[in-house]
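Student: I am new to this structure and would like some help reading it. Could we go through it together?

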Amino acid sequence: MLEDYLDYLKTHELPLWDKDSEKGQAARKLGREADTEKWLSLFEGKSAEVVANLQVSLIRQCTYLLAKQLAYLEEDFKQHGGIRERMYAARKETRVNGWETSLADFLYAAQTAEDLNVRFRQAEDALRRIFQRVKAKREW
């Protein structure tokens, strides 16, 4: 789209505002304006030169911001990995913390000291069975 506006300016022999010119600076300042209604009102009744140059300025600012965002996302990906790595880490943490939490909840549900002892023995037996399965599977 940038090329289209640049071609339009060239074809119609209209000047392209330099970014450091007075008009260019004003257009760049408008690009920081978050109010889209204000932007739209600037186009009404303006010459083709003004509209095309405002569009060029806005497109260049968007391109710059998108390039910065892509660079940030690339660096974030390098440091923290993609969604799969993050999901795996979250699942792994949930599994480790999840069984500890479940075991604690199981023991806290005891109503009496005797019930707690029974639950502890049940948990101990379950852990022993898991231990034996892991040991057999790994052939240790």
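Tutor: The exchange below covers the largest pocket and then the salt bridges, all in a predicted model.

Student: Let us start with the pocket. How much space lies in the largest pocket?

Tutor: The largest pocket holds about 420 Å³ of space.

Student: How many residues line the largest pocket, and which lie nearest its centre?

Tutor: The lining consists of 18 residues. Those nearest the centre are R28, S57, L58, R60 and Q61.

Student: Which helices each supply at least two residues of that lining?

Tutor: They are α2, residues 22-31, and α4, residues 48-80. The largest share belongs to α4, which gives nine residues.

Student: And what is the make-up of the lining by class?

Tutor: Eight of the lining residues are nonpolar, five are polar and five are charged.

Student: Changing topic: how many salt bridges does a search of the whole structure find?

Tutor: The search finds six. One of them joins the side chains of E49 and K23, with an N to O distance of 3.8 Å.

Student: Which parts does that pair tie together?

Tutor: E49 belongs to helix α4 and K23 to helix α2, so the salt bridge links parts that lie 26 residues apart in sequence.

Student: Is K23 buried or partly exposed?

Tutor: K23 is partly exposed, as its relative accessible area is 47%.

Student: What about R119 and D115: how far apart are N and O in their salt bridge?

Tutor: The N to O distance between these two side chains is 3.4 Å. Both residues lie in helix α6, which spans residues 113-138, and they are four residues apart, so about one helical turn separates them.

Student: Which of the two is buried, and which is partly exposed?

Tutor: R119 is buried, with a relative accessible area of 18%, whereas D115 counts as partly exposed at 23%. The two fall into separate classes because buried means under 20%.

Student: Which residue forms a salt bridge with R128?

Tutor: R128 pairs with E124, and their closest N and O atoms are 3.9 Å apart. R128 and E124 are also four residues apart in helix α6, so about one helical turn lies between them.

Student: How accessible are R128 and E124?

Tutor: R128 is partly exposed at 44% relative accessibility. E124 is partly exposed as well, at 33%.

Student: Which residues are linked with them in a network of salt bridges?

Tutor: D125 is part of that network, together with E124 and R128.

Key. Residues numbered from 1 in each chain as written. Predicted model: local features only at pLDDT ≥ 70, side-chain atom pairs only at ≥ 80, totals over all residues. Heavy atoms only, no water. 1 Å grid on protein atoms, 1.4 Å probe; cavity = no way out; pocket = protein on both sides within 12 Å on 5 of 7 lines; lining within 4 Å. Points joined across faces, edges and corners; volume = space filled by probe spheres on them. Nonpolar A, V, L, I, M, F, W, Y, C, P; charged D, E, K, R; others polar. Salt bridge = Lys/Arg side-chain N within 4 Å of Asp/Glu carboxyl O. Buried < 20%, exposed > 50% of the residue type's maximum accessible area, 1.4 Å probe, protein only.
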